[in-house]
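Subject: Handover of a structure and its findings

Dear colleague,

Please find below the structure that I am passing on to you. I should be grateful if you would look at it before reading the notes that follow.

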Amino acid sequence: MTRPITIGVSACLLGEHVRYDGGHKHDRCIADTLGSYFSFVPVCPEVGCGLPIPREAMRLEGDPASPRLMTRQTRIDRTVQMLAYCAAKIRELESEDLCGFIFKERSPSCGLSAVPLYGSSTSEKVASGLFASEVARCFPMMPLEEAERLNNTNIRNNFIERVILYRRMKKKNPALIHPR
Ligand code: SF4
């Protein structure tokens, strides 16, 4: 029997109560529509790196190329903690045979692009969330998308096709797309 195609998903999009305020961002398009094609590996990097639920909201600050993950009120720098988690989690994800990843947009951890960046000394005022950035760096050919964009039928269908194609490529030549 053919194994299901597996993709990673920001856990809050699947209805898990992992957000800073204890809520979720359940997305029916992902859970129901994409759920009929793929099986999911839910990941919440903020909870995974040891932060509680609920927790203080965070934001990205500083250099667009290496932003810091800072708590908004108490000004605690969570960057090292998050990057250590990312390194360990990516090693774990290598064994999951992922063929794609869907991220929650605008999150300082999960946003793939255009996450607001504060205190930048350059004209660049957006960056990638720390976890999404590490996934993109370590799985350079894997299809990645943000949840909001998948509400568009063309983008969604294109993502599904890219995931299926990536799975085929992986089967033919795993060395080509082995994580860095
Ligand atoms: S956006 Fe990412 S870090 Fe934030 S709650 Fe969702 S899964 Fe967790």
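The notes below go from the whole chain to its strands and then to the ligand.

The model is a predicted one: local features need pLDDT of at least 70, and side-chain atom pairs count only at pLDDT 80 or more, whereas totals for chains, interfaces and linings use all residues. Residues are numbered from 1 along each chain as its sequence is written.

Overall form

The protein chain holds five helices and eight strands; helices (H or I, at least four residues) and strands (E, at least two) are DSSP runs, numbered from the N terminus. Their order from the N terminus is β-α-β-α-β-β-α-β-β-β-α-β-α. The C-alpha trace spans about 50 × 35 × 30 Å along its principal axes. The radius of gyration of the protein chain, 16 Å, agrees with the value near 16 Å that a compact globule of 180 residues would have; this radius is taken over C-alpha atoms, and the globule rule is 2.2 Å times the number of residues to the power 0.38.

Of the 180 residues, 38% are buried. A residue is buried if 20 or more other C-beta atoms, placed from the backbone, lie within 10 Å of its own, exposed if 12 or fewer, and partly exposed in between.

Strands

Strands count as paired if DSSP finds at least two bridges between them. Strand β3 (residues 58-61) pairs with strand β4 (residues 68-71) in the antiparallel sense over four bridges, and Arg59 stands opposite Met70 in β4. These two strands form a hairpin with six residues between them, and Gly62 in the turn has a positive phi of about 95°.

β3 also runs parallel to β6, joined to it by two bridges, with Glu61 opposite Tyr118 in β6. Two further bridges link β6 to strand β7 (residues 126-127) in an antiparallel arrangement, where Pro116 stands opposite Val126.

Which side chains of β6 (residues 115-118) are buried? Val115 and Leu117, which point to one face, are buried, while Pro116 and Tyr118 point to the other face and are not.

Ligand

Around the ligand, with C-beta atoms placed from the backbone and lying within 6 Å of it, are Ser10, Ala11, Cys12, Val18, Arg19, Cys44, Pro45, Glu46, Lys104, Ser107, Ser109 and Cys110. This shell divides into six nonpolar, three polar and three charged residues. Ala, Val, Leu, Ile, Met, Phe, Trp, Tyr, Cys and Pro count as nonpolar, Asp, Glu, Lys and Arg as charged, and the others, Gly among them, as polar.

With kind regards
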